[in-house]
Amino acid sequence: MNTRKKLMAYGIITLSLVLASCGGKGSSLDYENGFQDGYSAGHNDGMNDGLAEGYNTGYQEGYNSGFSNGKEIGYDDGYIDGYEDGAGESGQGSFERPGKNIELHTDLQKSYIEDDPSKIGMYAHGYSGEELCKPKAVTLDWSDVKFAETCSTYTVVLSETSSFSDSVSYQSTEKSLDVYNLKLGTNYYWYVKATGSTMTFATPVFNFSTKNTVVRNLYVPNTSNWRDMGNYVLNNGKKIKQGLVYRSAAFGYYDGNVGTIAQATKDCILNELKIKTELDLNGSPNVPGLNKVSAVMKWEGINNLIDNEENKNSIKTVFNSLGDTSNYPAVFHCTRGRDRTGAIAFLLGAYLGMNAVDLHRDYLFTNFSAGNSCSIGAITGYEKYLAGYEGNTLQEQTTSYLKSIGVTEATLSTITSTLVA
């Protein structure tokens, strides 16, 4: 019986009882009370019947739909997760993937970063002939996943977002992959897909995070002394953004020698770091695909790099290029990535508001590169020279210096808004 019919029936019975008790005539209040009681009883009864019918129909439809979708999706997820659990029980051991707060520096680099910069000689001194500037890799391993046994090539998809809107892909014929050049203090998401003989497989999405420290040193194959100017905390509490301005040696420089630019070097620069502009401080060979800006600086001794009039024009060219947002990401370099590169890095960092300790640490990190040895004397020489310009702080003095060589306020403002977050 539907709710309306039940309501009418309950209402008639109630009304009849009221009329009978009052000699055939009831008050309006009695009528309203009876109507309300009948309505409530009918509503409750109808609701219960309706719920039962709706549940049966809805449950069956929901079950059918859920079973179909769940079987398909659950197979993919359950197959992988179940296999991993089973692998542990069968004696293959549980498998730990990269987790939280992963250190991207070697123990030697980490010790230097945590120590006073002036003690660089305890950790690296360049002319030892050993390349120590390479960061640690994060190893992504899926060898415990069953489909890895049946496939020969894999695509690793890595992203800073769970939606994979900005993902990069790596191809591998192995069941693991070493990933370099990850950003500091960043969450990452990754999964692996591969095509077997009958179907395409994909792992679940895994995630990990990297430790939030500086220096962000990089690995670019067959070249040396690469660093990101990003992630340094500035005097105002803000940070330099990562992935926008890099410093390096010449693209063919490695192990103290200059050679041809390898294809792996070009691929990393163009496809992984996605660099658009090369600010060349020494007249090096070009990499096709890069916007090359010539800003050659003369070498007349370390302390004359920023006060030489010809070099001031080159420095102006560098800053004007950084004042054009279409040039990012950009890299500046000389031959070894030490003196002329160090001078530009110092001026840029000082202008943005890096403190003296971080300016020293960034400059002296060059000692981790084979064939490079530098001391704090160059930096203190720059600081003394800039003290002759107007301003109470190194940042203010550097700003005055840059304006004196022709870098405009508008250019400096664009650099700040582009690089500082």
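Ala, Val, Leu, Ile, Met, Phe, Trp, Tyr, Cys and Pro count as nonpolar here, Asp, Glu, Lys and Arg as charged, and the others, Gly among them, as polar. With that sorted, the second largest cavity is a handy place to start, bearing in mind that this is a predicted model.

**Enclosed spaces**

The structure holds 2 cavities of 30 Å³ or more. The second largest one is lined by Gly342, Ala345, Phe346, Met354, Leu359, Asp362, Tyr363 and Ile379. Helices α6 and α7 (356–364) are the elements that give two or more residues to this lining. Sorted by class, the lining of the second largest cavity comes out as 6 nonpolar, 1 polar and 1 charged. Gly counts as polar and Asp as charged, so Gly342 and Asp362 are the residues behind those two single counts. Keep Asp362 in mind, as the name comes back among the salt bridges.

The largest cavity sits in another set of residues: Leu104, His105, Pro135, Lys136, Val179, Tyr180, Asn181, Leu182, Leu184, Val215, Arg216 and Asn217 line it. Lys and Arg count as charged, so Lys136 and Arg216 make up the charged share of this lining.

**The largest pocket**

What lies nearest the centre of the largest pocket? Of its 28 lining residues, those are Val168, Tyr170, Asn181, Glu272 and Leu273. Asn181 is therefore shared, since it turns up in the lining of the largest cavity and in that of the largest pocket. Strands β2, β3 and β4 each bring at least two residues to the pocket lining, as does helix α4 (263–272). Which element gives the most? That would be α4, with 4 residues.

Here are the three spaces together:

| Space | Volume | Lining by class |
|---|---|---|
| Largest cavity | about 60 Å³ | 7 nonpolar, 3 polar and 2 charged |
| Second largest cavity | about 30 Å³ | 6 nonpolar, 1 polar and 1 charged |
| Largest pocket | about 700 Å³ | 15 nonpolar, 6 polar and 7 charged |

**Salt bridges**

Side chains of opposite charge can pair when their charged atoms come close. How many salt bridges does the model have? The count comes to 15.

One of them joins Glu114 and Lys110, at 2.9 Å from N to O. The two residues are 4 apart in helix α3 (residues 107–114), so about one helical turn separates them. Glu114 is exposed, at 56% relative accessibility, while Lys110 is partly exposed at 26%.

A second pair is Lys119 and Asp115, whose side chains meet at 3.8 Å, N to O. Is Asp115 buried or exposed? With a relative accessible area of 19%, Asp115 is buried, because the cut-off for buried is under 20%. Its partner Lys119 is partly exposed, at 39% relative accessibility.

The third pair reaches across the chain a bit: Lys183 meets Glu160 in a salt bridge of 3.5 Å, N to O. Lys183 belongs to the loop between β4 (176–179) and β5 (187–195), and Glu160 to the loop between β2 (154–159) and β3 (168–172), so this bridge ties together parts that are 23 residues apart in sequence. Lys183 is partly exposed at 23% relative accessible area, and Glu160 is partly exposed at 33%. Elsewhere, salt bridges with shared partners link Arg227, Arg247 and Asp362 into one network. This is the Asp362 from the lining of the second largest cavity.

**An open sheet**

Six strands build an open sheet of mixed pairing, running β8-β9-β10-β15-β13-β14. Its edges are β8 (216–217) and β14 (291–294), each of which pairs on one side only. Further in, β10 (residues 245–248) runs parallel to β15 (residues 330–333), and 4 bridges hold the pairing. If you want a spot to click on, Val245 has Ala330 in β15 as its bridge partner.

**Helix α9**

Helix α9 (residues 394–404) has a set of buried residues: Gln397, Thr398, Thr399, Tyr401 and Leu402. What do they pack against? Their partners are α5 (309–322), α6 (339–352), α8 (377–386) and α10 (409–419). Among those is α6, which also helps line the second largest cavity. After α9 comes Gly406, with a positive phi near 110°.

How values were computed. Residues numbered from 1 in each chain as written. Predicted model: local features only at pLDDT ≥ 70, side-chain atom pairs only at ≥ 80, totals over all residues. Heavy atoms only, no water. Pairing = 2+ DSSP bridges. Buried < 20%, exposed > 50% of the residue type's maximum accessible area, 1.4 Å probe, protein only. Contact = heavy atoms within 4.5 Å. Salt bridge = Lys/Arg side-chain N within 4 Å of Asp/Glu carboxyl O. 1 Å grid on protein atoms, 1.4 Å probe; cavity = no way out; pocket = protein on both sides within 12 Å on 5 of 7 lines; lining within 4 Å. Points joined across faces, edges and corners; volume = space filled by probe spheres on them.
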